[in-house]
Amino acid sequence: SLFRAAQEARGRAYAPYSRFMVGAAVLADDGRIFPGVNVENASYPLSVCAERSAVQRAVSDGAQKLVAVAVRGPGESPTWPCGGCRQVLYEFGPEMIVTSVGDSGNREERPLADLLPDAFRGPATAAT
């Protein structure tokens with residue numbers, strides 16, 4: 001269901017500039033799923049990645065402990081979160097599992113710690 005949410009969200013992405021439509025969904029420790037999409041802007045720095053969109057939605061709804069994220073982007077190969085998204089995901093789930101699947105159906109799964117070794121630890125993540 002996490003991948004289904006990411007896939008469905010992908011269809012709602014707003015990517016008129018890059019045409020690189022991405023959907024993501026995060027799983028909270030209480031079982032709730034929060035989808036997100038990338039939202040581009042003509043001023044590129046104001047754009048938001050799908051992973052950060054999903055995290056913002058989760059936090060807005062009261063979830064602050066995330067355990068997994070699924071990412072569904074375009075192309076045959078899996079799409080992994082960018083460096084900024086990896087740090088944002090780490091803030092809310094340093095032990096989370098990141099899973100991505102490409103159009104070919106190739107599914108890969110990695111611990112977030114493997115994607116972001118030696119992550120910056122702020123006060124919220126210092127104890128983990």
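Buried means under 20% relative accessible area, exposed means over 50%, and partly exposed is anything in between (1.4 Å probe, protein chains only). This is a predicted model, so local features need pLDDT of at least 70 and side-chain atom pairs count only at pLDDT 80 or more, while totals for chains, interfaces and linings use all residues. Residues are numbered from 1 along each chain as its sequence is written, and side-chain values use heavy atoms, with hydrogens and water left out.

**View 1. The whole chain, before we zoom in.** You can pick out 4 helices and 5 strands here (DSSP runs numbered from the N terminus: H or I of at least four residues for helices, E of at least two for strands). Going along the sequence, they come in the pattern α-β-β-α-β-α-β-β-α. The radius of gyration is 14 Å, close to the 14 Å that the globule rule gives for 128 residues, so the chain is as compact as a globular protein of that length. That radius is taken over C-alpha atoms, and the rule is 2.2 Å times the number of residues to the power 0.38. Put a box around the C-alpha atoms along the principal axes, and its sides are roughly 40 × 35 × 25 Å. Of the 128 residues, 46% count as buried. The accessible surface adds up to about 6600 Å², and carbon and sulfur atoms own 52% of that (Shrake-Rupley method, 1.4 Å probe; for residues, only the protein chains shown count as cover). As for contacts between residues at least 6 apart in sequence, 61% join residues at least 24 apart (a contact means heavy atoms within 4.5 Å).

**View 2. Arginine 10 and aspartate 103 pair up.** These two side chains form a salt bridge, with their closest N and O atoms 3.6 Å apart. Arginine 10 sits in helix H1, and aspartate 103 sits in the loop between strand E4 (97-101) and strand E5 (107-111), so the pair ties together parts that are 93 residues apart in sequence. To count as a salt bridge, a side-chain nitrogen of Lys or Arg must be within 4 Å of a carboxyl oxygen of Asp or Glu. Why might such partners meet at all? Side chains of opposite charge can pair when their charged atoms come close. Arginine 10 counts as buried because its relative accessibility is 16%, whereas aspartate 103, at 40%, is partly exposed. Look for Arg72 as well: Arg10, Arg72 and Asp103 are linked in a network of salt bridges.

**View 3. Two more salt bridges.** The structure holds 4 salt bridges, and here are two that we haven't met yet. Aspartate 30 and arginine 32 meet at 2.9 Å, N to O. Aspartate 30 is partly exposed at 47% relative accessible area, and arginine 32 is partly exposed at 33%. Then there's arginine 110, which bridges to glutamate 108 with the closest N and O atoms 2.9 Å apart. Arginine 110 has a relative accessible area of 31%, so it's partly exposed; glutamate 108, at 25%, is partly exposed too.

**View 4. Serine 100, tucked away in strand E4.** Find serine 100 in strand E4. Is serine 100 buried or exposed? It's buried, because its relative accessible area is 0%. Its side chain reaches two backbone oxygens: that of valine 71 at 3.2 Å and that of threonine 79 at 2.7 Å. Leaving out residues up to four places away in sequence, serine 100 touches several others, including Phe3, Pro78, Trp80 and Asn106.

**View 5. The inner side of helix H2.** Helix H2 covers residues 50-60, and its buried residues are Ala50, Glu51, Ser53, Ala54, Val55 and Ala58. What do they pack against? Their partners are E1, strand E2 (33-37), strand E3 (66-72) and helix H3 (83-92). Just after H2 comes glycine 62, which takes a positive phi of about 95°.

**View 6. A nonpolar patch and the loop before E1.** Tyr14, Tyr17, Val39 and Tyr44 make a nonpolar patch on the surface, sharing about 420 Å² of accessible area. Patch members have over 30% relative accessible area and no salt bridge; nonpolar side chains (Val, Leu, Ile, Met, Phe, Trp, Tyr) are joined within 5 Å, like charges within 9 Å. Tyrosine 14 belongs to the loop between helix H1 (2-10) and strand E1 (23-28), and it counts as partly exposed at 45% relative accessibility. Proline 16 lies in the loop between H1 and E1 and is partly exposed at 29%. From proline 16 to serine 47 is 31 residues in sequence, yet 11 Å in space, C-alpha to C-alpha.

Methods
Polar contact = N/O pair within 3.5 Å; in protein donor to acceptor, adjacent residues only side chain to side chain.
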